[in-house]
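The exercises below ask you to read a sheet, one of its strands and a helix pair from the coordinates. Please try each task before going on to its solution.

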Amino acid sequence: MAHVSASVYTSHVPAIGAALDLGKTGEPYWQKVFGGYEFSKQWIKEHRPDVIFLVYNDHANAFSLELIPTFAIGTAAEFAVADEGWGPRPVPKVIGHPELASHIAQSVIQDDFDLTVVNKMDVDHGLTVPLSLMFGQPEAWPCRIIPFAVNVVQYPPPSGRRCFQLGRAIRKAIESYDEDLDVQVWGTGGMSHQLQGPRAGLINKAFDNAFLDRLIAEPAELAKMPHIDYVREAGSEGIELVMWFIARGAMSDAPPEVVHRFYHVPASNTAVGHLILENR
Amino acid sequence: MALDKPYQDIPGTTIFDAEQSRRGYHLNQFCMSLMKAENRTRFKANERAYLDEWPMSEAQKQAVLDRDLNRCIALGGNIYFLAKIGATDGKSFQQMAGSMTGMSEAEYRDMMVNGGRSVEGNRRIGEKR
């Protein structure tokens, strides 16, 4: 049977992708960011999953205002890299896992989570920057990836609690898949940041570090935090953090092993947070 | 009953909710069109003519021509859509975000390197620091 072995959490700042693509990783400004992922690159070499279930948000690239799905699961065989306006990132295309993705869709929809099923979707920096941070610059991504897009562009996004419950349903779906697959669930976005208005540039280190502590220790309690607290404390775009609960909910109910934790300010406008949790 | 909007007392922040989305629909869809290289070329060749192809308000068109992102947001724009204008102009996300704060590009960059804008005094309108 398939199983969830670990979860990875990381910010997905577009400037990180640009720094990699333009060969700036050695600059002192960026060394402070990429240094926090050196351990992770080694770890993933030793813990390479068969499939990554990658939770992210689209940033007005695959989805315009014509269609705003709250939860969208990518069931295609492959996904092209989006041109976000600067030209597509020079990274490999994403190879999906249509069989497992369709199995998860059927299972969680029957568990009352009304997903949108997507068979054609370009993927943007929200999905590709985490892959770059963990895998560097390979010719091809070393595993299959199921893109799972969450609306955090038009308010309101789903609640943290709903995301946490969905994560649990995804875990159940994965564990009922017949093939023996090692699956990691990744939650991306955040941490504190605001990209708009005179309050742009907001960062809240105390909030972010408390969020990391509580995501590890008491995720069900933390998931009850209302949207307004994210906006007020962590900036209008800090609300992306609700996506981390899908990955956390997909983990076993037993306390996880914290194998890596990293936090740094800034990458461009954003606080970078990163965790790797393993199921014991 | 009116929608509950508890976020309206946050300073310098416009939440892109259903109402803003409705107000800014054509403005944001115009921005979306700039994802195609040929549209970016046409827009740059004659911005006014390109904007006139869209059923946007005159105020929205003027805000785009002025590159006044705060005004664009007040008129229903969303930053992820507006970023397509910045991409067309060759601007980074940090340059765009900084342009809304009244700070110079260097001041904004330095603020971020020094830990960003503090939340103290920035939670509620009228809050004392």
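Two strands pair if DSSP finds at least two bridges between them, and the elements themselves are DSSP runs numbered from the N terminus, helices being H or I with at least four residues and strands E with at least two. Residues are numbered from 1 along each chain as its sequence is written, and chains are lettered from A and ligands numbered from 1 in the order in which they are written. This is a predicted model, in which local features need pLDDT of at least 70 and side-chain atom pairs count only at pLDDT 80 or more, while totals for chains, interfaces and linings use all residues.

**Exercise 1.** Determine the order of the eight strands in the open sheet of chain A, and find which strands stand at the edges.

*Solution.* Following the pairings across the open sheet gives the order β6-β3-β7-β2-β8-β1-β10-β9 in chain A, with mixed pairing. In chain A, β6 (116-118) and β9 (257-267) each have a single partner strand, so one side of each is left without a neighbour in the sheet.

**Exercise 2.** Establish how β2 of chain A pairs with β7 of chain A, and whether the residues of β2(A) are buried or exposed.

*Solution.* Start with the pairing: β2 (residues 51-56) and β7 (residues 144-150) of chain A are joined in the parallel sense over six bridges. Within this pair, A:Ile52 has A:Ile145 as its bridge partner, and A:Val55 stands opposite A:Phe148. Next, β2(A) pairs with β8(A), again in the parallel sense, over five bridges, and here A:Ile52 stands opposite A:Gln184.

For burial, count C-beta atoms placed from the backbone: a residue is buried if 20 or more others lie within 10 Å of its own, exposed if 12 or fewer, and partly exposed in between. Six of the six residues of β2(A) are buried, so the strand is largely enclosed by the rest of the structure. In a regular strand the side chains alternate between the two faces of the sheet. Accordingly, A:Val51, A:Phe53 and A:Val55 lie on one side of β2(A), and A:Ile52, A:Leu54 and A:Tyr56 on the other.

**Exercise 3.** Classify the crossing of α4 and α6 of chain A by its angle.

*Solution.* Fit axes as lines to C-alpha atoms, for helices over the stretch in contact (C-beta atoms, placed from the backbone, within 7 Å), and take angles from 0 to 180 degrees between N-to-C directions. The axes of α4 (residues 98-110) and α6 (residues 160-175) of chain A come within 9 Å and cross at roughly 125 degrees. Angles under 35 degrees count as roughly parallel, over 145 as roughly antiparallel, 65 to 115 as roughly perpendicular and the rest as oblique; α4(A) and α6(A) are therefore oblique to each other.
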